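Student: Could you walk me through this one, one question at a time?

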Amino acid sequence: MGFNCGIVGLPNVGKSTLFNALTETAAAEAANYPFCTIEPNVGRVAVPDPRLDRLAEIGKSAKVIPTALEFVDIAGLVRGASKGEGLGNQFLANIREVDAIVHVLRCFDGEVTHVDGSVDPIRDAETVETELLLADLESAEKQRDAAVKRARGNDKEAKERLAVLEPVIAALEDGRPARSVTLSDDQLPVFRQLQMMTAKPVLYAANVDEESAATGNAYSAKVAERAEAEGGACVVISAAIEAEVAALEDPAEKREFLESLGLEETGLARIIRAGYGLLDLITFFTVGPKEARAWTVRRASRAPQAAGVIHTDFERGFIRAETIAYDDFVALNGEQGAKDAGKMRAEGKDYVVKDGDVFHFRFNV
């Protein structure tokens, strides 16, 4: 599993409650959705996708294996983390290793003490963002100093690195995250090498009280505004409700409980899907009598890369991808029907994978 989201937040915002509910839900549904705890703070959860069950039904597959994401419960952050306060160094090291950030923000009043004495999700978001900005700025300046020395000796790579570092540093000094910098396609590989934490996409999880789970509240509305202004995403969730749902074993009881609160699905399901979208991932499928399986690739991946997700030999010896669009597979009742209708295509190495493609890879090694 190469894709993960780090769950971050200040103390007492519901971060650990959310992570525990996430992992307990996955463990409880292990019969349908494979789950494993890799470390105490890492959980792997299935990405909900009703298409997979439909494909398995048509293909009469014995097993159904969804694609998955990893969620990492990252050590809590306090003001001054960029200078090593609290668990700052551990926090920053863990953030650098994840692909995206799920930022839990407290959007409920109550007796639980807030670290800053009052509830203000925007202030909390800015506290975390500021610590990441400061840490990124320090890292970027060190990288610039090293690149300047090498550039004096006409080092081509150092000059390319400087061309990316300068606008990034300017943005950070201006209080803007690295992800706000506009770069050319050629500069993106260099940008990724900088390992800027503020370059990572952010999903805000507005943690509300139980009464606001279906509609949100004034606090979560402010978070949604911030997310929209940043071009990001926001999911309203009640960690307390998620913990209650996770404790219910009977699926019918879960549905009844959610309906009583005016909810169609759990907030966790929305977070999982949003995290998947945040990473700009798409799903392709393989279907057969043994199993129907969902696989994950980044958007704009080509057919050999998709084959390589299944096995490196498939990519190395790629010949072609026999491809059926999901809608055609369903409408024509499976592979044979799609073949007979001329809807199975033979795609080569330059084919760009589309979300929902059903593949059968031909390879030779």
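Tutor: Sure, and one term first: two residues are in contact when they have heavy atoms within 4.5 Å. You're looking at a predicted model, where local features need pLDDT of at least 70 and side-chain atom pairs count only at pLDDT 80 or more, while totals for chains, interfaces and linings use all residues. Residues are numbered from 1 along each chain as its sequence is written, and side-chain values use heavy atoms, with hydrogens and water left out.

Student: Okay, how many helices and strands are there in the chain?

Tutor: Both are DSSP runs numbered from the N terminus: helices are H or I with at least four residues, strands are E with at least two. For this chain, the tally is 14 helices and 13 strands.

Student: What percentage of the 365 residues is made up of buried ones?

Tutor: Here's the yardstick: buried is under 20% relative accessible area, exposed is over 50%, and partly exposed is in between, using a 1.4 Å probe and protein chains only. In this chain of 365 residues, the buried share is 48%.

Student: Is T283 buried or exposed?

Tutor: T283 sits in strand 9. Not counting residues up to four places away in sequence, T283 touches a crowd that includes D49, R51, T67, Y276, W295 and D355. Its relative accessible area is 1%, so T283 is buried.

Student: R51 turned up there, so which residue's side chain does the side chain of R51 join in a polar contact?

Tutor: R51 belongs to helix 2, and beyond four places in sequence it touches T283, F285, Y326, D355 and G356. A polar contact is a pair of N or O atoms within 3.5 Å; within protein, one must be able to donate a hydrogen and the other to accept it, and residues adjacent in sequence count only if both atoms are side-chain atoms. At 3.0 Å, the side-chain partner of R51 is D355.

Student: Why are the buried residues of helix 2 on the same side?

Tutor: In helix 2 (residues 50-59), the buried ones are R51, L52, L55, A56 and I58. The arc is that of the directions from the helix axis to the C-beta atoms. They sit on the same side because the arc they cover is only 165°.

Student: And which exposed residues does the face turned away from the buried side of helix 2 carry?

Tutor: The buried residues pack against several elements, among them strand 9 (281-287), strand 10 (291-298) and helix 13 (326-331). The face turned away from them carries two exposed residues, P50 and E57.

Student: Now helix 7: how far apart are its end C-alpha atoms?

Tutor: The expected span of a helix is 1.5 Å times one less than its number of residues. Helix 7 covers residues 218-230, and its 13 residues should span 18 Å, which agrees with the spacing of its end C-alpha atoms, 19 Å.

Student: Within what arc do the buried residues of helix 7 fall?

Tutor: Those buried residues are S220, V223, R226 and A227. They line one face of the helix, because seen down the axis they fall within 115°.

Student: Which residue caps the N-terminal end of helix 7?

Tutor: At the other end, helix 7 is followed by G231, with a positive phi near 75°. At the N-terminal end, a side-chain oxygen lies 3.0 Å from the backbone nitrogen of Y219, and the capping residue is N217.

Student: Which residues have the most contacts inside the largest nonpolar core?

Tutor: A nonpolar core is a set of buried Ala, Val, Leu, Ile, Met, Phe, Trp, Tyr and Cys residues joined through side-chain atoms within 4.5 Å. The largest one has 51 residues, and the most contacts inside it belong to L69, F71 and I271.

Student: How many residues does the second core have?

Tutor: Staying with the largest core for a moment, I271 contacts L18, F71, L203, A205, V235 and I237, leaving aside neighbours within four places in sequence. The second core is separate, includes L137, A147, A151 and I169, and has 20 residues.

Student: Last one: how far apart in space are G14 and V104, C-alpha to C-alpha?

Tutor: G14 is in the loop between strand 1 (4-8) and helix 1 (15-28), and it counts as buried at 18% relative accessibility. Leaving aside neighbours within four places, G14 is in contact with V104, N207 and A239. G14 and V104 are 90 residues apart in sequence, yet their C-alpha distance is 7.1 Å.
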